[in-house]
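Work through the following exercises with the sequence and the 3D structure open beside you. Each task is followed by a solution that goes step by step.

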Amino acid sequence: MANVAVVGAQWGDEGKGKIVDWLSARADVVVRFQGGHNAGHTLVVDGKVYKLSLLPSGIVRGGKMSVIGNGVVVDPWAFKTEVEKLRGQGVTISPTSLAIADNACLILPFHRDLDGLREGAAGDNKIGTTKRGIGPAYEDKVGRRAIRVCDLAYPDTLPGKIERLLAHHNALRAGFGEPVLDADQIHRELMEIAPEILPYAMPVWRLLDDARRAGKRILFEGAQGVLLDVDHGTFPFVTSSNVVTGQVSAGSGVGPAATGFVLGIVKAYTTRVGEGPFPTELKDATGERLGERGHEFGVVTGRKRRCGWFDAALVRQSLKLSGVNGIALTKLDVLDGFDVLKVCTGYIIDGEEYDYLPAGIDRQRNIKPVYEEIEGWSESTVGARSWAQLPAQAAKYVRRIEELIDCPVSVVSTSPEREDVILVKDPFGI
């Protein structure tokens, strides 16, 4: 059976939640392989809205196994809250439907504190972090001092691990004039939360290998977007993990060959939350119109998203970085009613033309987009489920995007509803 990996091809918020939820109907296992609870997904199922941050999107479907891979950093308290909220909405969650990698690293309360202290001290140089402790937790992982899920099962040896971690963090806190952390208090808090997470802990690499050998379909769900990748994104205004398809293997414990079809999620225009370069940003009535029609507010932070025209040069670059086989084009309906649409095909920086975004904030600061104008359409695309139901000009817009990004469209999404999609090529090959 074929597997599918889903990655965001812009700055996140591309509509991955709906597409992953739609694909999960065809999957047996759904896996999160990076990020943390800074990644928001909104699912609309039969008119009911589910907001997820940490749990895989497949959790709202019965009969699926959802997996949080080792590449995810896990806040146990946020996990508990999200599980309770979903149960309150009637979602069944148990160790038979959800697994957490026992070697995943934890986000602790002082990670959130440090995140906020650093952002507050940065002034005009702030990155725009969600202040949820994601970055500091990944730092501790790379520094080999993190507390992992499996450590919660050994309360007698946990204090020594906490002391080692605090030797680092208390020095940082002292620099901010903050009081030192109490190791005993942290130990007590971890022991209190441990029963909420340990029942789900297991070697998920083995679970996924067994699923693969049994011929089950696996859906790998990424968070954020390629342009926020710590290596390939608009550094330093990026997330703290790798977002590209290569992270599927490292973040879930499967071999590269298991990735299967790579589906890039692409919004029909461009948005960004937080700081950093944005060549096609519209700080005018058109940008406001896109934001209002698209309900562009962050699921996790509630922050208003910056909006702009579709950037084909950026998307083409991110698709090549991730080896994408086809894209899912989302929120096409937001463009209904525009007389003229613009698509960025490249850039001019200090008089020199580029067909890609150069690395380095200094080069990106003076960037000017090169636009191609495309005729818009007045008819509605909302709810279209076939090419025949699309206005002719909307279909032309989609086809032109295909040409500019050098990648075929597999799926077109025409509303937040799960089944409102035009399927060109099923990523699972069904």
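**Exercise 1. Decide whether tyrosine 356 is buried, partly exposed or exposed, and describe its ring pairing with tyrosine 354.**

Step 1: Tyrosine 356 has a relative accessible area of 40%, and with the cut-offs used here (buried under 20%, exposed over 50%, partly exposed in between, with a 1.4 Å probe and protein chains only) tyrosine 356 is therefore partly exposed. Tyrosine 354, at 13%, counts as buried.

Step 2: This is a predicted model, in which local features need pLDDT of at least 70 and side-chain atom pairs count only at pLDDT 80 or more, while totals for chains, interfaces and linings use all residues. Residues are numbered from 1 along each chain as its sequence is written, and side-chain values use heavy atoms, with hydrogens and water left out.

Step 3: Rings of Phe, Tyr and Trp (its six-membered ring) pair if their centres lie within 6.5 Å, and planes under 30 degrees apart count as stacked, over 60 as edge-to-face and the rest as tilted. The structure holds five aromatic pairs. One of them joins tryptophan 309 and phenylalanine 338, whose ring centres are 5.9 Å apart with planes at 75°, so this pair is edge-to-face. Tryptophan 309 lies in the loop between E13 and strand E14 (310-311), and phenylalanine 338 in the loop between strand E15 (326-330) and strand E16 (340-349), so the contact ties together parts that are 29 residues apart in sequence. Strands (at least two residues) and helices (H or I, at least four) are DSSP runs, numbered from the N terminus. For tyrosine 354 and tyrosine 356, the ring centres are 5.6 Å apart and the planes stand at 75°, so that pair is edge-to-face.

**Exercise 2. Find which residue forms a salt bridge with aspartate 13, and locate both partners in the chain.**

Step 1: A salt bridge is a side-chain nitrogen of Lys or Arg within 4 Å of a carboxyl oxygen of Asp or Glu, and the structure holds 24 of them.

Step 2: The partner of aspartate 13 is arginine 305, with the closest N and O atoms 3.2 Å apart. The pair links distant parts of the chain, 292 residues apart, since aspartate 13 is in the loop between strand E1 (4-8) and helix H1 (16-24), and arginine 305 in the loop between helix H9 (285-293) and strand E13 (306-308).

Step 3: Aspartate 13 is partly exposed at 21%, whereas arginine 305 is buried at 9%. Both belong to a network of salt bridges that also links Lys267, Glu296 and Lys331.

**Exercise 3. Work out which ring arginine 26 lies over.**

Step 1: A charge sits over a ring if NZ of Lys or CZ of Arg is within 6 Å of the ring centre and within 35 degrees of the ring normal.

Step 2: Arginine 26 lies over the face of tryptophan 22, at 4.3 Å from the ring centre. The charged end of arginine 399 sits over the ring of tryptophan 387, 4.3 Å from its centre.

**Exercise 4. Explain why cysteine 344 has no bond to cysteine 307.**

Step 1: A disulfide is a covalent bond between the sulfur atoms of two cysteines, counted here when the two sulfurs are within 2.5 Å.

Step 2: A search of the whole structure finds zero disulfides. For cysteine 150, the nearest cysteine sulfur, that of cysteine 105, is 8.6 Å away.

Step 3: The sulfur of cysteine 344 is 16 Å from the closest cysteine sulfur, in cysteine 307, which is too far for a bond. Cysteine 344 is buried, at 0%, whereas cysteine 150 is partly exposed, at 24%.
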